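Have the sequence and the model open side by side while reading. The paragraphs below go from the whole chain to single residues.

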Amino acid sequence: MSLSIFGLAVLAVCGYLLFTRGPLSLLVAVMLFTLMGGSAAMILTSLGGASVRPSLLAMVILSAAVCLPGARRAALLPTAIVQNFPLVVFCAYGALSAFLLPLIFAGDFRVVPMNPRGLTSRFDTALLHFTNQNITTAFYMLATMMAALSAWIAVQQPSAPRVLVMTIVAIAVTHAGLGVADLFLSGTPFEAFLEFFRNANYAQHNQAIDGFTRINGIFPEPSAYAAFALPWFVCSFELWLRDVWPRATGVSAAMLLPLLVLSLSSTALVSLAAYVFIFLLRGVLQPAMFRPKLIVAAAGGSIAGLLAVLTLFMTNPDLAQSFLDVIRKLTVEKSASDSGEQRLFWALQGIDFFMSTWGIGIGAGSFRSSSIATAIMGSTGVIGVVTFVWFLVSVLKPFAMSTYHAVEDFRSNVGSALAWGAFSVFLPALVSGASPDPGIIFGMISGASLGLRSS
């Protein structure tokens, strides 16, 4: 195991907060450290060089903080477990399955492993057996569980809603700023600054399609940059919709939206389209949501965006055709590409393992999927599917008015915005998730949402 400079920074910052502040300050630190999506705080050489992100190391310290005795800490842990019960069962069972099921079904199935090293073709497989990836996935799922419990405890402080809104805006603006810098300063000395943060053992990509530069920021690839941007855009937009610090949240949402499109990530485009569809459906069910300010902002933004695009295309006619070609490659032609066929093959594994094991699954981390839905099915079976859907419904609270539009209570408004943010984390994972773990960002946002709306 080796500790990087980012790991030292995490230990210094979170160690200080552990002994001088409460869980809320540590939660904010973890959320801010999620910005470093391409960084490694630690390299676990004993587990094949697996990278531990700064946010995950910070999450370990936050978990320790909420288990320590003291006011509003360990005393609240039992209540937090009850409030997050479906996710606790999902993650605990997922971690247990990672150790037991690969041993029970060893050699019975051929799988595309989470770490595909040694495979020779796109559809190559290996016999199922227990691997290091089962260990790391189990750890990640327990971290997700602790993220939700810790966030639930942290937001019981009266100042939590205000602090969370400030944190969301800070993350959104910073992530957008890094994306803009990557887009316009590519090829300059500033690029070395961005590369400094990409020290993790992930495949680091600087991609371009037909001359269009794709945005990485300090993440390993454009799809990861876009997947991270989506929940913070949704949180900002939902907060603006509810008149929660509308100037700040409106600016942060407006900054992230064009970058989601300019990332040229098919995952981002599909996920954004899905969120827009769900948002419009909400409007049909609750017409009061379409207040004048929303209509004016949407119309003004659409007109401004359309005029900007038309002006750009008129000054450079070839650019319009090139852009349309790129969009076609990322959407219509994606499913017929080699990558699309490979992803479909990965996803179908989960359904096959679910059916072949009679709804038991073969264990978290046992195979690589391309959708969290089939990863959950094939890894954790019926128990995983039921508990995860149960938790999603618990977070969204579909029968609460605050889920659809602003209410009088400030905490409920912030909690509802976070609920949609948590749901949006799930959208990119539906078309790109490799494992059944929804991640600590999902855990933190969903746990915070439940904590704000249940108090």
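What follows is a walk through the fold, a small sheet, one covered helix, two buried residues and a cavity.

The model is predicted, not determined by experiment. Its chain of 455 residues has 54% of them counted as buried. The secondary structure consists of 17 helices and 7 strands. Among contacts with a sequence separation of 6 or more, 75% are between residues 24 or more positions apart. The chain exposes about 19200 Å², and carbon and sulfur atoms supply 71% of that area.

Start with the strands at the beginning of the numbering. An open sheet of 3 strands is found here, in the order 1-2-3 and with antiparallel pairing. Strand 1 (2-3) and strand 3 (50-52) are its edges; each has a single partner strand, so one side of each has no neighbour in the sheet. Strand 2 (residues 42-44) is joined to strand 3 by 3 bridges, and these two strands run antiparallel. Within that pairing, leucine 44 is opposite alanine 50 of strand 3.

Turn next to helix 2, which spans residues 23-33. Of its 11 residues, 9 are buried, so that the helix is mostly covered, a residue being counted as buried under 20% relative accessible area. The buried positions are Pro23, Leu24, Leu26, Leu27, Val28, Ala29, Val30, Met31 and Phe33. What do the buried residues of helix 2 pack against? Their partners are helix 1 (5-20), helix 3 (54-67), helix 6, helix 7 (160-184), helix 9 (222-241) and helix 17 (440-453).

One of those partners, helix 6, covers residues 132-154 and contains alanine 143. Is alanine 143 buried or exposed? Its relative accessibility is 9%, and therefore it counts as buried. Leaving aside residues up to four places away in sequence, alanine 143 touches Leu56, Met59 and Ile440. Alanine 143 also illustrates how positions separated along the chain can be compared in space: serine 63 is 80 residues from it in sequence, and the two C-alpha atoms are 8.4 Å apart.

A second buried residue is found in helix 16, where asparagine 413 is placed. Asparagine 413 counts as buried because its relative accessibility is 5%. Its contacts, again without residues up to four places away in sequence, are with Leu239, Arg242, Val244, His405, Ala406 and Val407.

Helix 16 also leads to the last feature, the cavity. How many cavities of 30 Å³ or more are there? The count is 1. The largest cavity has a volume of about 30 Å³. Its lining is made by Ile372, Phe388, Val425, Phe426, Ala429, Pro438 and Phe442. Helix 15 (372-396) and helix 16 (410-432) each give at least two of the lining residues. Helix 16 contributes the most to this lining, with 3 residues. By class, the lining has 7 nonpolar residues, no polar ones and no charged ones.

To look back over the route: helix 2 is mostly covered, alanine 143 in helix 6 is buried, and asparagine 413 in helix 16 is buried as well. The lining of the largest cavity, to which helix 16 gives the most residues, has no polar and no charged members.

Definitions and conventions: Residues are numbered from 1 along each chain as its sequence is written. This is a predicted model: local features need pLDDT of at least 70, side-chain atom pairs count only at pLDDT 80 or more; totals for chains, interfaces and linings use all residues. Side-chain values use heavy atoms; hydrogens and water are left out. Helices (H or I, at least four residues) and strands (E, at least two) are DSSP runs, numbered from the N terminus. Buried means under 20% relative accessible area, exposed over 50%, partly exposed in between (1.4 Å probe, protein chains only). Contact means heavy atoms within 4.5 Å. On a 1 Å grid over the protein atoms alone, a cavity is a set of points where a 1.4 Å probe fits but cannot get out, and a pocket is an open set with protein on both sides within 12 Å along at least five of seven lines; lining residues have an atom within 4 Å of a point. Grid points are joined across faces, edges and corners, and a volume is the space filled by probe spheres set on the points. Ala, Val, Leu, Ile, Met, Phe, Trp, Tyr, Cys and Pro count as nonpolar, Asp, Glu, Lys and Arg as charged, and the others, Gly among them, as polar. Two strands pair if DSSP finds at least two bridges between them. Accessible areas come from the Shrake-Rupley method with a 1.4 Å probe; for residues, only the protein chains shown count as cover.
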